[in-house]
Amino acid sequence: MRSPSLPALILLTFFSAPSLADVDLDLQGLAGPLKKNVNSYLAAIPEKDYSTTLRFQSRVKKEVVQALNALGYYHPTVRFSVSDDQDELVIHVSAGPVTTIKQLDIDISGEAQDDKDFLNLIKNSGLKVGEALNHSQYDNLKSDISSLALQKGYFNGHYDTSRLGVSPELNEAAITLHFDSGIRYNFGKTTIEGSQIEMQRVASLQPYHEGEPYDVRKVGRFNQTLSSTEWFSSVLVEPDLSHLDSERDLPVKVSLAPQARNQIETGLGYSTDVGPRMTLSWKQPWVNKYGHSFDSRFSISGPEQAVTLGYNIPLEDVLHQYYRLSYGMKHVDDRDTKSIESNLSVERHWRLDDGWHRTLFTRYLIENYQQGELDDVGHFVLPGMTFTRTRTRVTDSLITWGDKQSITLEYGDPALFSETQILRVLAGTSWIRTYGSNHRGLLRVNGGANFAENFARVAPSLRFFAGGDSSIRGYGYESISPRDSTGALAGAKYMVTSSLEYQYRITGDWWGAVFVDTGDAFDTTPDWKTGTGFGVRWVSPVGPLRLDFAWGLDEDPGDQFRIHFTLGPEL
């Protein structure tokens, strides 16, 4: 048999390789940032190309050298070895000596010469004489200076010199960055077009004044604020850069388009607490040129039917302060409660910079009710205040981090046309935390108290009931409360409920859950009720869906197991 020629052997070495599934790469000799950077470069090579051929080794060596050069190592040595069974290519790397910065000349001229933002940028760049050269630090600083100049209105800024010189023989580098910022432009006159809301009210949202130094963040804030009012279907805020060479003050143009005047939404839902539910919402984001808005919601289910109407009147600080007039009517026919309640309220709202929403209100409640052995009509005038805050971080429609706090105080007195003297306190907090990508924890605690002179005169809607989907699972909806002499649910003076839940991602948007709930609605001392179980969570396109199988550990025998199904927000 004829032996292959030398060229044939070379071709066989280059092109005959084990299948990609049989070859792995093993990087040795590096650690920390060096190994991380080399691995990121090697990750650019598709796994289908992996082999032990000399050609592939040459390709790998090129990537390794480039990765080390980027961190200032210009004299690496790279050699390869192949495992006995030809299924692993071992890359042996010695980084060699590092190149350090010998000379550093960074200069900002023009009006940005003393600008603290530029000085901090340079200070925090990581570039220092005697430190190891890192190409990305140089590239980042060069890019960041240009970006900051555009952000702060130095539109004529440019580099007179930008140079990175390297002497591999001496392992030394010299960096020169000379940036001339030119002048800083100011905000000029703002022109608003297309608004159906009066100009003065729209202009009040402007976060800058004419003649103030330009800052693109304020342009973005103005754009976001206008969008948040819900008055407009499209918003565009942009400076007119055609004036760069003629004047320092740049005109700003605001282009708006009105939002649809009427918005209607319908929905169908289901929960085991109230069964099927149909909702209809009608909203007018703007009613007149002053930016007033109107909203309404109709909800119908077996035990409850409700309608709410609201009218918002923005104040001078449109986005953060407003008055609200609201009216709600609710009919309840569930278990031992039959009532028709009407609420009329006047509210003053503040949205504070720290995320809290503060509300002062006075509501007038009329309730015609039968609660167990009670049959009466209650009238209450209840002034009060509410503080709420919700914070969330959302990834792919899932709350990965969030919490919600709320507290409400309201007071009634016969001198203010209430049936009896009463102080009501309601508070709650909920927490969601995600650990890694597959673990979530949820904690919820809610409580309430009625301090009433004559509790028998307190209407059912002001009393407390526990149990159900969002209270204590494993028990019927509002089935936990003290009972009267006839055995009917009477409603409680106090209420405390809590829930602890652990979730584990099964796959994609599907999660498994285990939970324990506990609490009670009581008049003197609590008789704690506990429910526990497991469930399934699905992050659906229309919101989180929860299916729970729960056992009420303190429920009567034969009535301990319940299935809870809900669709809606977790906070």
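Leu-344 is found in strand β15 of this predicted model. The residue has a relative accessible area of 47%, and because the class of partly exposed residues lies between 20% and 50%, Leu-344 counts as partly exposed. Leu-344 also belongs to a nonpolar patch on the surface, whose members are Ile-264, Leu-280, Trp-282, Phe-298, Leu-309, Tyr-327, Met-329, Ile-340, Leu-344, Tyr-364, Ile-366 and Val-377, and which together have about 980 Å² of accessible area. The elements that give two or more residues to this nonpolar patch are the strands β11 (275-284), β14 (321-334), β15 (337-351) and β16 (357-371).

Between two of these strands, β14 and β15, runs a loop that holds Arg-335. The phi angle of Arg-335 is positive, at about 55 degrees, although the residue is not a glycine. Most residues other than glycine have a negative phi. Arg-335 has a relative accessible area of 46%, and this value places the residue among those that are partly exposed. A second case of a positive phi is found at Ser-397, where the angle is near 70 degrees, again in a residue other than glycine. Ser-397 lies in the loop between β17 (374-395) and β18 (398-412). With 58% relative accessibility, Ser-397 counts as exposed, because the limit for that class is over 50%.

On the scale of the whole chain, the domain assignment gives domain 1 (24-94), domain 2 (100-180), domain 3 (186-258) and domain 4 (327-567). The centres of domain 1 and domain 4, taken over C-alpha atoms, are separated by 60 Å. For residues 24-94, an unreviewed UniProt entry lists "domain: TamA POTRA". This span is 38% helix and 25% strand, and its end C-alpha atoms lie 20 Å apart.

Charged side chains provide a further set of contacts. Side chains of opposite charge can pair when their charged atoms come close. The structure holds 26 salt bridges, and one of them joins the side chains of Glu-212 and Lys-218, with a distance of 2.1 Å from N to O. Both Glu-212 and Lys-218 are buried.

Another salt bridge is formed by the side chains of Lys-283 and Glu-230, with 2.5 Å from N to O. This pair links distant parts of the chain, since Lys-283 is in strand β11 whereas Glu-230 is in the loop between α7 (216-228) and β8 (232-239), and the two residues are 53 residues apart. Lys-283 has 30% relative accessibility and is therefore classed as partly exposed, and Glu-230, with a relative accessible area of 37%, is partly exposed as well.

In a third salt bridge, the side chains of Asp-548 and Arg-537 meet at 2.7 Å, again from N to O. Asp-548 is in strand β24 (residues 543-552) and Arg-537 is in strand β23 (residues 529-540), so that the pair, eleven residues apart, links distant parts of the chain. Both Asp-548 and Arg-537 are buried. These two residues are also part of a network of salt bridges, in which Arg-473, Glu-501, Asp-517, Arg-537 and Asp-548 are linked.

Note on methods:
Residues are numbered from 1 along each chain as its sequence is written. This is a predicted model: local features need pLDDT of at least 70, side-chain atom pairs count only at pLDDT 80 or more; totals for chains, interfaces and linings use all residues. Side-chain values use heavy atoms; hydrogens and water are left out. Patches are made of residues with over 30% relative accessible area and no salt bridge: like charges are joined within 9 Å, nonpolar side chains (Val, Leu, Ile, Met, Phe, Trp, Tyr) within 5 Å. Accessible areas come from the Shrake-Rupley method with a 1.4 Å probe; for residues, only the protein chains shown count as cover. A salt bridge is a side-chain nitrogen of Lys or Arg within 4 Å of a carboxyl oxygen of Asp or Glu. Helices (H or I, at least four residues) and strands (E, at least two) are DSSP runs, numbered from the N terminus. Buried means under 20% relative accessible area, exposed over 50%, partly exposed in between (1.4 Å probe, protein chains only). Domain bounds come from an automatic or database domain assignment. UniProt positions are given in the numbering used here, feature names are shortened, and annotations may be inferred rather than shown by experiment.
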